[in-house]
Amino acid sequence: MGKVNLLVKCCLINGNFEYNIKGILRNNELIFTFEDSKMHLNLVSNVLEKETKDALVILDFNNSKCLYILKENNKKLEIPIEVLELENIDNLFKVKYKNIDNTFLLIIKII
């Protein structure tokens, strides 16, 4: 498919955000830059990778786990997450998940 327009909505600890950004859709993987992070969303396996300058965060929504890897020393921390809602149909990816005390909502729509 190539370049696509995305509507990204987030409900995070520090507030609600909505962005219109550009991304690339290739081989069922959506690649985009979001809040100074490079994001890869595999639309088949429901795995979201978020790479920052300091860490790599891998959210595996099918297996309810989060892997946090520090780049400085390659230290890994696995955190269980609870997937409360997962919708991946047509041009919409929506996930609501919880870790320990916080609930997050991420909606990515190809427009």
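Which residue is the bridge partner of Val8 in strand 2? Let us work up to that and other puzzles. This is a predicted model, where local features need pLDDT of at least 70, side-chain atom pairs count only at pLDDT 80 or more, and totals for chains, interfaces and linings use all residues. Residues are numbered from 1 along each chain as its sequence is written, and side-chain values use heavy atoms, with hydrogens and water left out.

**Exercise 1. Find the partners along strand 1.**

Step 1. Strands are DSSP runs (E, at least two residues), numbered from the N terminus. Two of them pair if DSSP finds at least two bridges between them.

Step 2. Strand 1 covers residues 2–12 and strand 2 covers residues 15–26; 11 bridges join these antiparallel strands. Together they form a hairpin with two residues between them.

Step 3. Now read off the partners in strand 2: Val8 has Tyr19 as its bridge partner, Asn5 stands opposite Lys22, and Cys10 stands opposite Phe17.

Step 4. Strand 1 is also joined to strand 11, by six bridges in the antiparallel sense. Here Lys9 stands opposite Ile107.

**Exercise 2. Lay out the whole sheet and explain its edges.**

Step 1. Strands of a sheet pair through backbone hydrogen bonds, either parallel or antiparallel.

Step 2. In this model, 11 strands form an open sheet with antiparallel pairing, in the order 8-7-6-5-4-3-2-1-11-10-9.

Step 3. Strand 8 (76–80) and strand 9 (82–89) each have a single partner strand, so each edge strand has one side without a neighbour in the sheet.

Step 4. On average, neighbouring strands are turned by 20° against each other, direction ignored. The axes behind such angles are lines fitted to C-alpha atoms, for helices over the stretch in contact, and angles run from 0 to 180 degrees between N-to-C directions.

**Exercise 3. Look for positive phi values in two hairpins.**

Step 1. Strand 2 and strand 3 pair antiparallel over four bridges, with Gly23 partnered by Phe32 in strand 3. Two residues lie between the strands of this hairpin, and Asn27 in the turn has a positive phi of about 50°.

Step 2. Strand 9 and strand 10 run antiparallel and are joined by seven bridges; Glu87 has Lys94 as its bridge partner in strand 10. Their hairpin also has two residues between the strands, and Asp90 takes a positive phi near 45°.

**Exercise 4. Is His40 buried or exposed?**

Step 1. Buried means under 20% relative accessible area, exposed over 50%, and partly exposed in between (1.4 Å probe, protein chains only).

Step 2. His40 sits in strand 4. Its relative accessibility is 17%, so His40 counts as buried.

Step 3. Contact means heavy atoms within 4.5 Å. Not counting residues up to four places away in sequence, His40 touches Glu29, Leu30, Ile31, Val47, Leu48 and Glu49.

**Exercise 5. Describe the nonpolar core.**

Step 1. Such a core is a set of buried Ala, Val, Leu, Ile, Met, Phe, Trp, Tyr and Cys residues joined through side-chain atoms within 4.5 Å.

Step 2. The largest nonpolar core has 24 residues; Leu6, Val8, Leu30, Phe32, Leu59, Phe61 and Ile108 touch the most other members.

Step 3. Elements giving two or more residues to this core include strand 1, strand 2, strand 3 (29–34) and strand 4 (37–42).

Step 4. Leaving aside neighbours within four places in sequence, the contacts of Phe61 include Asn46, Leu48, Ile81 and Val83.
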